[in-house]
Amino acid sequence: LNILNDQSININPNHADERGNTALILATGTGQAAIVNMLLADERIDPNHANEQGFTALIWAAFHGHIDIVRALLADRCVEPGYANHRGETALMWAARRSHRNILCALLADERVDPNHANERGNTALIWAAGMGQAAIINMLLADESIDPNHADEDGNTALIWAAERGHSDIVDILFAHIRIDLSHADQAKKAIIAATKFEHDKTLGLLLKSTGQRLSDDEIANLTERKQNFYKRILTRLFRRARFRGIVRAIMVFRRMRLRAAEAVYAPDGTGYAVAADSF
């Protein structure tokens, strides 16, 4: 405070080191909330200054998980919460990637933040979280009605495809249950099946085949290696066997209920067998 207020020094509070870090960015990275608040109170401070990596104080705070600093920065209307670094990565994306749930919640609550912002490769916060298997983050993002669960990156991969490729069956299950998921968009259901097959994720592939009802065509199977073809056929056969077993069990239960209803009708007080049974006792 003495340095900032000393007119004889005339310090530049936005002076940056050789990596482009200002006092605000350095204080943010080390979690010094009191220092950050002091700097933000100075009208000369540029809270949106980015270092050589394109990280602003807000992105840096989200990266390191300093929720108190994130809140202080969001309270400053000069801060641009949707600012993206050189690779197109925002504070929201880093909060999602590093699983900082309280920071993600604070950013989603800010109307200035675009939850569908994509980086230079077309990846959104949802795609990042799906690829890393962060179920809690996925649920938080999908709770935001403005989130697009069908967004595809530059390679045409959606969050569902990324989750299938990495074998995150719990994420696949969450996305299937979401009301806004469109399995036909970007042919993501079929691509997810192919991805799960190529990386041999048995549980994920079984879930995809069961939930989507889709199957690979002969040509699509032919494009797989012999090992992948055998894997796909093995999971498909297992699925058929389980379905057949469930069908048999279901038929047995139906038959038992039919017998029970028939017995109840015969031996009820007004039934034909009631008097005969009563006489035998």
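**Exercise 1. Find how many salt bridges a search of the whole structure gives, and describe three of them.**

Solution. Begin with the rule: a salt bridge is a side-chain nitrogen of Lys or Arg within 4 Å of a carboxyl oxygen of Asp or Glu. With this rule, a search of the whole structure finds nine salt bridges. The structure is a predicted model, in which local features need pLDDT of at least 70 and side-chain atom pairs count only at pLDDT 80 or more, while totals for chains, interfaces and linings use all residues. Residues are numbered from 1 along each chain as its sequence is written, and side-chain values use heavy atoms, with hydrogens and water left out.

Take Arg112 and Asp110 as one of these pairs; their closest N and O atoms are 2.8 Å apart. To judge exposure, use relative accessible area, where buried means under 20%, exposed means over 50%, and partly exposed lies in between (1.4 Å probe, protein chains only). Arg112 has a value of 25% and is therefore partly exposed, whereas Asp110, at 9%, counts as buried.

Next, consider Asp155 and Arg121, whose salt bridge has its closest N and O atoms 4.0 Å apart. Asp155 lies in the loop between helix H9 (135-142) and helix H10 (159-166), and Arg121 lies in the loop between helix H7 (101-108) and helix H8 (125-131), so the pair ties together parts that are 34 residues apart in sequence. The helices named here are DSSP runs (H or I, at least four residues), numbered from the N terminus. Arg121 counts as partly exposed, because its relative accessibility is 46%.

Finally, look at Glu200 and Lys228, whose side chains meet in a salt bridge at 2.9 Å, N to O. This pair links distant parts of the chain, 28 residues apart, with Glu200 in the loop between helix H12 (188-198) and helix H13 (202-212) and Lys228 in helix H15 (residues 226-267). Glu200 is partly exposed at 23% relative accessibility, while Lys228 is buried at 19%. As a last step, salt bridges that share partners join Arg121, Glu154 and Asp155 into one network.

**Exercise 2. State how many disulfides the rule gives, and classify Cys78 as buried or exposed.**

Solution. A disulfide is a covalent bond between the sulfur atoms of two cysteines. The test applied here asks for a pair of cysteine sulfur atoms within 2.5 Å, and by this rule the count comes to zero disulfides. Cys78 has a relative accessible area of 55%, so Cys78 is exposed, whereas Cys105, at 46%, counts as partly exposed.

**Exercise 3. Give the phi values of Asp187 and Glu200, and say where each residue lies.**

Solution. Most residues other than glycine have a negative phi. Asp187, although not a glycine, has a positive phi of about 50°; the residue sits in the loop between helix H11 (169-177) and H12, and it is partly exposed at 39% relative accessibility. Glu200, which is also not a glycine, has a positive phi of about 55°, and its place is in the loop between H12 and H13.

**Exercise 4. Describe the surroundings of Lys190 and of Leu208.**

Solution. Start with Lys190, which is found in helix H12 and counts as buried at 13% relative accessibility. Using contact in the sense of heavy atoms within 4.5 Å, and not counting residues up to four places away in sequence, Lys190 touches Gln214, Arg215, Leu216 and Glu220. With Glu220 there is also a polar contact between the side chains, at 3.3 Å. A polar contact is a pair of N or O atoms within 3.5 Å; within protein, one must be able to donate a hydrogen and the other to accept it, and residues adjacent in sequence count only if both atoms are side-chain atoms.

Then turn to Leu208 in helix H13, which is buried with a relative accessible area of 0%. Leaving aside neighbours within four places in sequence, Leu208 is in contact with Leu160, Ala164, Val172, Phe176, Ala192, Ile193, Ala196 and Gly213. By comparison, consider Ala265, 57 residues from Leu208 along the chain: the C-alpha atoms of these two residues are separated by 45 Å.

Key:
Helix = DSSP H or I, 4+ residues; strand = E, 2+ residues; numbered from the N terminus.
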